[in-house]
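Okay, thanks for coming, everyone. I'll walk you through one chain today, so have a look at it while I talk.

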Amino acid sequence: MRYTANNQMDSDEGEGGMSFEVKKNEKAEDNYIVKEELGKGKFGIVYRCEEKSTGKTWAAKYVKTIRAKDREAVQREIDLMAELEHPSLMALIDAYQSSRQTVMILECITGGELFERIVDDKFDLTESEVISYMRQICAGVQHMHHNNIMHLDLKPENIMCVNRTGFQLKIIDFGLARKYEPNNELKVLCGTPEFVAPEVISFDAITPLTDMWSVGVICYVLLSGLSPFLGDSDTETLNNVTVGEWDFEDEAFDGISNGAKEFISSLLVKDQRDRMSVDECFRHAWLSEISTRTKACETKLSTARLKKFLARRRWQVGLIHLIL
Ligand code: ATP
């Protein structure tokens with residue numbers, strides 16, 4: 001648990017229901033010097049900031065929370081983040097709220113998005129590298145699922161590198177995350193079409209296995225640069241997910257090992273009851289057994305398709321910002 005002196009466990013909430021104390025009588029700017037912008041999402045703008053008392057660098061995510069509904073959503077994001085402490089998950093440090101906005105002080109992640117880093121011409125992408133990324137992503141997801149938290153928005157933009165020199169990964173953006181209560185059916189209508197699971201689109205009950213579909217899509221894209229359900233419009237993409245048909249027929253998969261294909265096939269399963277859980281991922285030979293790695297794992301993968309995939313997504317995200 002990452003509670004500071006001001007962030008005690010709320011004893012009124014009972015077991016498992018903790019509330020992170022959001023400071024309402026102070027401003028983030030009282031304690032932090034806000035620097036340059038690091039990134040922008042649909043809901044928040046993120047800046048680098050420096051803690052006045054220690055000189056430490058953090059990231060400050062500013063979210064407009066004028067409506068009570070938005071304040072509740074951000075409080076949920078804060079509470080869920082406060083429950084999580086894992087090297088593969090972005091940490092929450094502090095939070096402030098005024099009548100108009102909420103500011104989350106977060107661990108600063110400076111290495112950029114994983115997908116942007118691996119298309120760099122100086123970098124050789126191999127299946128072995130992808131295994132190491134998938135292990136880190138699954139480790140973060142496993143920590144969330146063991147805490148009964150579902151991320152519900154796993155996608156390339158939410159997987160970042162801690163710094164510019166290495167490939168230690170962190171999952172970010174818990175804005176759509178929800179608590180999983182087995183006896184309390186939860187249905188949501190959110191996510192990103194290319195990565196969202198069929199049960200979300202059909203508005204059926206979701207479970208931690210809903211995240212595992214997205215893990216499968218991410219793995220498919222990392223290895224091939226192709227997006228398995230992408231259509232010409234969001235409606236077509238959602239329809240492709242609902243139909244749930246996909247394959248490894250493109251030549252992009254020619255040099256990919258059978259283990260990798262088996263791993264993806266166990267995740268992109270329409271009926272979530274038959275989908276591989278995150279614990280099963282770690283028992284899967286492709287992810288767990290170094291001895292089963294074939295020569296294919298060390299072959300350099302072409303990143304030309306991945307570059308196109310990223311160019312398209314940058315354009316789409318830019319368009320969303322223009323519309324909003
Ligand atoms: P979305 O539009 O995906 O719902 P959002 O509005 O909730 O997003 P985030 O995805 O959390 O916002 O952040 C927006 C961008 O800011 C990220 O894509 C990333 O580039 C950058 N960013 C977020 N958190 C951090 C961090 N802790 N350190 C550095 N950069 C960050």
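Before anything else, a quick word on what I mean by a contact: heavy atoms within 4.5 Å. With that in mind, 66% of the contacts in the protein chain with a separation of 6 or more come from residues 24 or more positions apart. And please remember that this is a predicted model.

Now the overall inventory. The protein chain has 324 residues, and 48% of them count as buried. In secondary structure terms, we have 11 helices and nine strands.

Let's go to the sheet. Five strands make an open sheet, ordered 1-2-3-5-4, with antiparallel pairing. At the edges you find strand 1, residues 32–40, and strand 4, residues 92–97; each has a single partner strand, so one side of each has no neighbour in the sheet. Averaged over neighbouring strands, the turn of one against the other is 25 degrees, ignoring direction.

Start from the strand 1 edge. Strand 1 is joined to strand 2, residues 44–51, by a hairpin of three residues. The two run antiparallel, with six bridges between them, and Y32 sits opposite E51 in strand 2.

Over at the other edge, strand 4 pairs with strand 5, residues 101–107, in the antiparallel sense over five bridges. Here Y96 is opposite V103 in strand 5. Helix 2, residues 68–83, packs on the sheet and touches strand 3, strand 4 and strand 5, its direction making about 20 degrees with that of strand 5.

While we're at Y96, look at E21 too. E21 is in the segment before helix 1, and its C-alpha is 8.7 Å from that of Y96, although the two are 75 residues apart along the chain. E21 is partly exposed, at 37% relative accessible area.

Back in strand 5, I'd like you to find E107. What does the side chain of E107 reach at 2.7 Å? That's the backbone nitrogen of A91. The E107 side chain also makes a polar contact with the side chain of K170, at 2.9 Å. Leaving out residues up to four places away in sequence, E107 touches a list that includes W58, A59, L89 and I93.

Okay, on to the cores. The largest nonpolar core has 75 residues, and M134 and W286 have the most contacts inside it. Helix 6, residues 209–224, gives the largest share, 11 residues. Why does this core lie between domain 1 and domain 2? Because domain 1, 14–107, and domain 2, 114–306, both give residues to it. There's also a second, separate core of 11 residues, and among its members are A28, A60, Y96 and V103. You'll recognise the last two as the opposite pair from strand 4 and strand 5.

Last stop is T207, in the loop between helix 5, residues 198–201, and helix 6. Is T207 buried or exposed? Buried: the cut-off is under 20% relative accessible area, and T207 has 17%, so it counts. The T207 side chain makes a polar contact with the side chain of Q272, at 2.7 Å. Setting aside neighbours within four places in sequence, T207 is in contact with M150, Y180 and Q272.

That's my tour, so over to you for questions.

Definitions and conventions: Residues are numbered from 1 along each chain as its sequence is written. This is a predicted model: local features need pLDDT of at least 70, side-chain atom pairs count only at pLDDT 80 or more; totals for chains, interfaces and linings use all residues. Side-chain values use heavy atoms; hydrogens and water are left out. A nonpolar core is a set of buried Ala, Val, Leu, Ile, Met, Phe, Trp, Tyr and Cys residues joined through side-chain atoms within 4.5 Å. Buried means under 20% relative accessible area, exposed over 50%, partly exposed in between (1.4 Å probe, protein chains only). Helices (H or I, at least four residues) and strands (E, at least two) are DSSP runs, numbered from the N terminus. Domain bounds come from an automatic or database domain assignment. Two strands pair if DSSP finds at least two bridges between them. Axes are lines fitted to C-alpha atoms, for helices over the stretch in contact, and angles run from 0 to 180 degrees between N-to-C directions. A polar contact is a pair of N or O atoms within 3.5 Å; within protein, one must be able to donate a hydrogen and the other to accept it, and residues adjacent in sequence count only if both atoms are side-chain atoms.
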